[in-house]
Structures are given as structure tokens and as C-alpha cells.
Amino acid sequence: MRLYPAIDLKGGCVVRCFEGETTRETVYGDDPFETATYFVEQGAEWLHVVDMDRAFRTGGDNLELIRRIAQIPEARIQVGGNIDSVEWARDAMAVGASRVVIGTSAALDAELFQSLVREVGPDRCAVALDIRDGNLVLRVRDVPVALSIDAVVQRALNVGVRTIVYRDLARDGLVMGADISGAAAIASLDVDVILAGGVAGLDDIESAAQRGMAGVIVGRALYEDRFTLREAIECSR
């Protein structure tokens with residue numbers, strides 16, 4: 001199981017949001033490159049980098065910062081930020097993304113989803129499943145959608161995409177414990193699930209590994225020194 005330290009970028013700073021809302025955030029640093037370098041030095045093989053400005057359409061973006069992070073030796077980056085257009089996916093790939101996370105809204109549009117997968121390649125795509133109260137929602141507007149979780153997963157499998165990023169928005173940024181059972185249910189559909197949202201301690205990481213998660217994204221718990229990245233990596237083995 002892989003550990004993905006989260007680096008959420010807004011206005012050039014490293015931030016963490018509560019429940020996926022940019023109006024409720026904590027700034028953890030003004031040098032994302034330094035943060036990324038530290039994580040790689042601590043043993044991270046992957047980084048989960050999200051452009052919050054692009055995700056929430058603030059009018060800015062953090063592409064040059066992402067490019068710098070991607071150039072760190074040994075760094076592989078998974079880029080998210082509500083990727084919902086071929087242009088956004090191309091931009092992410094152009095600055096060095098090893099994988100792009102297609103936003104939930106794009107996955108709901110069959111034609112757009114297929115275009116994104118063709119552009120990037122199925123092996124370099126993941127699909128974001130943003131969940132609240134057991135239902136699939138659109139993260140930016142936080143409203144439920146008609147398509148079921150299983151239907152989106154099957155849509156991904158039909159075009160060769162096997163990686164799912166499962167995020168419980170009600171837990172996101174709250175270090176209250178991750179929804180491992182919910183993520184494990186998705187993993188039973190024969191996909192590789194990366195768990196996100198709410199990771200609070202090493203027991204979450206141990207449980208995720210035992211339940212067959214492909215990866216875990218860790219954010220606030222690392223920034224608030226609840227454990228070190230080295231400890232987390234050791235627990236994931």
C-alpha cells in the first residue's frame with residue numbers, strides 16, 4: 001500500500017480544508033516546493049497535489065508550482081483539482097503529472113469521461129469518488145447526483161481505468177478517522193482504491209492496509225505531527 005502525502009495548493013500556499021470547503025481552511029506553509037521536497041526525503045514515492053484554485057475556479061492556478069514539484073528527483077505526482085476538461089488534463093500532464101484524478105463531475109458525463117481517458121491514457125487516470133453520507137456528490141457544489149457509486153466504478157472499468165480515489169467529505173480535514181469500511185466496499189468491485197479523508201492515526205493506516213487499500217492520502221494528520229511519514233510508511237507495509 002502506498003502513502004500519498006497531500007499538498008493542496010491555493011494562492012501559492014499549502015492549505016488544508018475542512019470537509020472540502022475552501023471557506024474553511026488552514027494555511028500550513030508558503031513554500032509548497034519545500035514541503036514536497038521534505039516529503040520525498042522522508043520516503044514518499046508519490047505526492048497527491050491538488051490545485052484548489054483551479055478546482056474552485058478562483059481565477060488563478062498553481063501550474064508552475066506543480067511543475068517545480070514534479071521536477072523533484074524521485075517524485076511522482078498525482079494531480080487533482082476537479083479535473084473536468086481535456087484542457088485541464090493536458091495542463092496537468094504538461095507540467096509533469098504521473099497520474100491525473102478525473103473529477104466526479106466529469107466521470108458523470110460519459111462522453112467527456114471517455115475523451116479525458118483517451119487524452120491521458122487509462123493507466124494514468126484515477127477517478128474521484130466524493131462521498132457524503134454514503135452518497136456520491138459533486139464536491140464543488142456538494143449536491144447528490146443521480147448516478148450510483150457502482151455505476152461510476154463500472155464506467156471507469158469499461159474504459160480501462162482501475163484507480164479510484166475515495167474521499168468522505170464529511171471527514172475530510174477533520175482527523176476523525178477514515179471511512180475504511182466504505183472504501184473497502186468499493187475495493188470489492190475489483191478496483192484499486194486510494195482512501196482519503198479523515199485519516200487520524202497510524203491505526204487508520206494499518207486498517208487500510210489490512211482491508212486491501214491500494215493507497216492512503218494523508219494530509220492534516222501529517223501537518224499536525226500526529227505521526228511522521230516514515231512511521232506511516234512502516235505501518236503500510
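This is a walk through the structure above, from its confidence values to its cavity, its rings and a few single residues.

Keep in mind that the model is predicted. The predictor's confidence averages out at a mean pLDDT of 92 over the chain, with 95% of the residues at 70 or more. If you go element by element, strand 6 (residues 99–102) comes out with the highest mean pLDDT, 98. At the other end sits strand 9 (residues 143–144), whose mean pLDDT of 70 is the lowest among the elements.

Let's go inside next. There is one cavity of 30 Å³ or more in the structure, and the space in this largest cavity comes to about 80 Å³. Its lining is made of 15 residues, and those closest to the centre are Arg16, Gly198, Val199, Gly219 and Arg220. Which elements give two or more residues to that lining? They are strand 12 (215–218) and helix 10 (220–223). In chemical terms, the lining splits into seven nonpolar residues, four polar ones and four charged ones.

Helix 10 turns up again when you look at the aromatic rings. The chain has four aromatic pairs. Take Tyr28 and Tyr223: their ring centres are 5.1 Å apart and their planes meet at 20°, and because planes under 30 degrees apart count as stacked, this pair is a stacked one. The two partners come from distant parts of the chain, with Tyr28 in strand 3 (residues 21–29) and Tyr223 in helix 10, 195 residues apart. Their surroundings are not alike either: Tyr28 is partly exposed, with a relative accessible area of 24%, while Tyr223 is buried, at 16%. The cut-off for buried is under 20%, so Tyr223 falls inside it with 16% and Tyr28 falls outside it with 24%.

Another pair joins Tyr38 and Phe39. Here the ring centres are 6.0 Å apart and the planes are at 50°, so this pair is tilted. An angle over 60 degrees would have counted as edge-to-face. Tyr38 is partly exposed at 44% relative accessibility, whereas Phe39 is buried, with a relative accessible area of 5%. Put the rings together and you get a cluster: Tyr28, Tyr38, Phe39 and Tyr223 are linked by ring pairs.

Rings also have charged company in two places. Arg68 lies over the face of Phe33, 4.0 Å from the ring centre. Arg99 does the like with Trp46, lying over the face of the ring at 4.4 Å from its centre.

Now for strand 7 (residues 125–132), which holds Ala128 and also Leu129. Buried or exposed, what are these two? Ala128 counts as buried because its relative accessibility is 9%, and Leu129 counts as buried too, at 0%. Each can be placed against a residue from elsewhere in the sequence. Ala128 and Ile194 are 66 residues apart along the chain, and their C-alpha atoms are separated by 9.5 Å. For Leu129 the partner is Val101, 28 residues apart along the chain, with 9.9 Å between the C-alpha atoms.

A similar look at helix 9 (residues 202–210) brings up Ile205. This residue is buried, with 0% relative accessibility. Ile205 and Cys235 are 30 residues apart in sequence, yet their C-alpha atoms are 6.5 Å apart in space.

Finally, check the backbone at two places where phi is positive. Asn82 has a positive phi of about 50° although it is not a glycine, and Asn82 belongs to strand 5 (residues 76–83). Asp190 has a positive phi as well, near 70°, again in a residue other than glycine. Where does Asp190 lie? You'll find Asp190 in the loop between helix 8 (180–187) and strand 11 (192–196). Asp190 counts as exposed, since its relative accessibility is 54% and the cut-off for exposed is over 50%.

Technical notes:
Residues are numbered from 1 along each chain as its sequence is written. This is a predicted model: local features need pLDDT of at least 70, side-chain atom pairs count only at pLDDT 80 or more; totals for chains, interfaces and linings use all residues. Side-chain values use heavy atoms; hydrogens and water are left out. On a 1 Å grid over the protein atoms alone, a cavity is a set of points where a 1.4 Å probe fits but cannot get out, and a pocket is an open set with protein on both sides within 12 Å along at least five of seven lines; lining residues have an atom within 4 Å of a point. Grid points are joined across faces, edges and corners, and a volume is the space filled by probe spheres set on the points. Helices (H or I, at least four residues) and strands (E, at least two) are DSSP runs, numbered from the N terminus. Ala, Val, Leu, Ile, Met, Phe, Trp, Tyr, Cys and Pro count as nonpolar, Asp, Glu, Lys and Arg as charged, and the others, Gly among them, as polar. Rings of Phe, Tyr and Trp (its six-membered ring) pair if their centres lie within 6.5 Å; planes under 30 degrees apart count as stacked, over 60 as edge-to-face and the rest as tilted. Buried means under 20% relative accessible area, exposed over 50%, partly exposed in between (1.4 Å probe, protein chains only). A charge sits over a ring if NZ of Lys or CZ of Arg is within 6 Å of the ring centre and within 35 degrees of the ring normal. pLDDT is the predictor's confidence in each residue, from 0 to 100.
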